[in-house]
Amino acid sequence: MTVDSPRLRIGVYGVVVVSLFAALLARLWYLQVLSAEEFQVAAITNAERVVYEEAPRGRILDRNSVELVRNRVSQSVAIDTAEVSSAELQTSLNNLSSLFGVEKSVLEDRLEDPRATPYTAITVLEEVDEVKAVHIGERQDEYPGVVTLDVTTREYPYGSLAAHVLGYVGEINDTELAADPETYRPGDHVGKSGVEQAYEADLRGTPGRTVYEVGADGVPLRVKERTAPVPGDDVVLSIDLKVQQVAEQSLEATLIERRSTATDDKTGLHKADAGSVVVLDDTTGEVIAMASWPTYDPGEFVDGISQARYEELTDEGNGAPLTNRATSGGYAPGSTWKLVTATAALQSGLITGASTYDDRGTYEIPDCEAQCEFQNIDGVGSGRVNVSTALQVSSDVFFYDLGYRFYRERESISEDRNEVGGNAFDDTAEQLGFGASPGLDIGGDAAGSVANPEQRRSLHDQYPDKFPTRAWYPGDDVNLAIGQGDLVVTPLQLANAYATVANGGTRFSPNVGLEVREPGGGPTVRTVAPRVANQTVLSAEVRDPIMTGLSLVTTGQGTGAGAFAGWPRADYEVGGKTGTAEAGNRQADGTRTKQDTSLFVGVGPMDDPKYVVAVVMEQSGRGASAAAPVARAVMGQVSGVEPSIP
């Protein structure tokens, strides 16, 4: 070893020591200077806990300020586990189990709720009897740590009335929470459908906030800050309670009555298992009533619903009560579609109001290769008719001819019929809103489907087994002209199309919301303005013959005259259109898997249209027999000339 070895080792040690001190100083500088603010926030967080309290939801009112949805105060039983020993907790659980007849294990499971915190009492029983709540308060020694709480609960005072419009509230799920984690927390309640969902931001309110100071062991020491919850705003709807009641009552009663009547072919009784009603103000697009049957009670969802019950409400075998048939039910429109055919023919100049056709009961397609002959529903002719009288008596033959003429008017027709262009028929259907969602403010409105050559080719290319041909034939347009074939519409679309023609060409996106008000009847926060979706110019030469035809439907030889017999026309003239549509699939024996759909669309008053009423009833027979009487009852209420409810 050399003389310099000890000196070298000391130098190395010195370098190491200096390096360690340098690293320590750098770390201290980082912690005390660069990260001081971050660790200060963490320290505060460790010393504080924030607990949120849901705000009472706003009320939902009808257009006359009648409460359709409100809140009520109920009592719950909770246990403050931080205030009791293990032995005291067991005493409380045993006594609560005995008092309420609930298994102790159920109460223990609720105490293990992952949303529970040591800073608030944990709810173990909801909607408790007031007498039992008082019993607990008077015997606190028997129920250590147990408290009774006033809880705000959603209430639907009219039960199932307007259920599909109002919607329901339920506990937030993981998907909904992930979509807005800044606003909501686990355990919050949110609107799941209808107005409750669409106007969630208005109805929800602002949660209360309590800040606790806690010790190192997490035990709360004191309340540092408390902010009370702010109730949500009230939402006023365009719905009229009385009209809604008549729509639902008449629809249900008529469906039940139809079940005791024989089908036209006398093979059995009508099944009459479902239906819907839509009432629109055609001057604004406001929804005055919207009914769907079978229905459900939104109150079932307030405290949660079992999976088994939810499956019952969505089961097609039970009629799928949760489904809003008014907005998402898909139907062939039958003769109510003749409004579209007539409008297209008059707009395009294919006919005028004076043009006539000799209806002999049958129609044969010229130069036909396959199915060539079509008949009126009963095979009886109506003689020479123009578009107005054809609407009155629902002459299929008159409209069959228009369908064929529309086919000949298409832009191009190849020999194999695989290259077929569009025409005024397709354009008018689009102008009146078919084949697209109406844009209802509460959502859930289906687009339906309107067959045309382009769609036929597309479907064949995607699903060749289900749609074996891509060709478009004359019979396709002939069938579509009377509302049959590959055509699916919703009751809301039907109502909106008639409203568009009735008001002269303005198609609105329908609104259920009318305005938002501050809680408890306060001033208006905002109004929900009418929304114009499309504007079509309907000249008098186009509109007048159609309106005349609709007016004739409810009089004389009109198909709806029987249903409107004795109607006070001098006080309020009403018109409309009946429809009977084939449903289901045709079987090998020629019968169909479903009975005919009954339809009627009413309009009034005819001199200055204000209201449109669309009624669709599944497996209920002819439109004149089932849907038209329901429309009369509703029109009587909304017009005030034959009110069922004062």
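Start by selecting Pro453 in this predicted model. Setting aside neighbours within four places in sequence, Pro453 is in contact with Arg410, Val420, Gly421, Asp426 and Trp472, so show those side chains too. Proline 453 has a relative accessibility of 3% and therefore counts as buried, the cut-off being under 20%. For a distance check, draw a line from its C-alpha to that of alanine 436: the two are 17 residues apart along the chain and separated by 17 Å.

Now widen the selection to helix 17, residues 453-462, where proline 453 has its place. Which residues are buried here? Colour Pro453, Arg456, Arg457 and His460, since those are the buried ones. Look down the axis of helix 17: its buried residues fall within an arc of 95°, so they line one face of the helix. Spin round to the face turned away from that buried side and you'll find Glu454 and Gln462, both exposed.

What do the buried residues pack against? Bring up helix 16 (424-431) and helix 18 (474-480), and there's your answer. Before leaving, zoom in on the start of helix 17, where a side-chain oxygen of asparagine 452 comes to within 3.2 Å of the backbone nitrogen of glutamate 454.

Next stop: select helix 3 (residues 86-100) together with helix 5 (residues 130-138). Their axes come within 11 Å and cross at roughly 150°, which makes helix 3 roughly antiparallel to helix 5. The crossing of this pair is right-handed. To see where they meet, show Leu96, Leu99 and Phe100 from helix 3 alongside Lys132, His135 and Ile136 from helix 5.

Definitions and conventions
Residues are numbered from 1 along each chain as its sequence is written. This is a predicted model: local features need pLDDT of at least 70, side-chain atom pairs count only at pLDDT 80 or more; totals for chains, interfaces and linings use all residues. Side-chain values use heavy atoms; hydrogens and water are left out. Buried means under 20% relative accessible area, exposed over 50%, partly exposed in between (1.4 Å probe, protein chains only). Helices (H or I, at least four residues) and strands (E, at least two) are DSSP runs, numbered from the N terminus. The arc is that of the directions from the helix axis to the C-beta atoms. Contact means heavy atoms within 4.5 Å. A polar contact is a pair of N or O atoms within 3.5 Å; within protein, one must be able to donate a hydrogen and the other to accept it, and residues adjacent in sequence count only if both atoms are side-chain atoms. Axes are lines fitted to C-alpha atoms, for helices over the stretch in contact, and angles run from 0 to 180 degrees between N-to-C directions. Angles under 35 degrees count as roughly parallel, over 145 as roughly antiparallel, 65 to 115 as roughly perpendicular and the rest as oblique. A crossing is left-handed if the near helix is turned anticlockwise from the far one by less than a right angle, and right-handed if clockwise.
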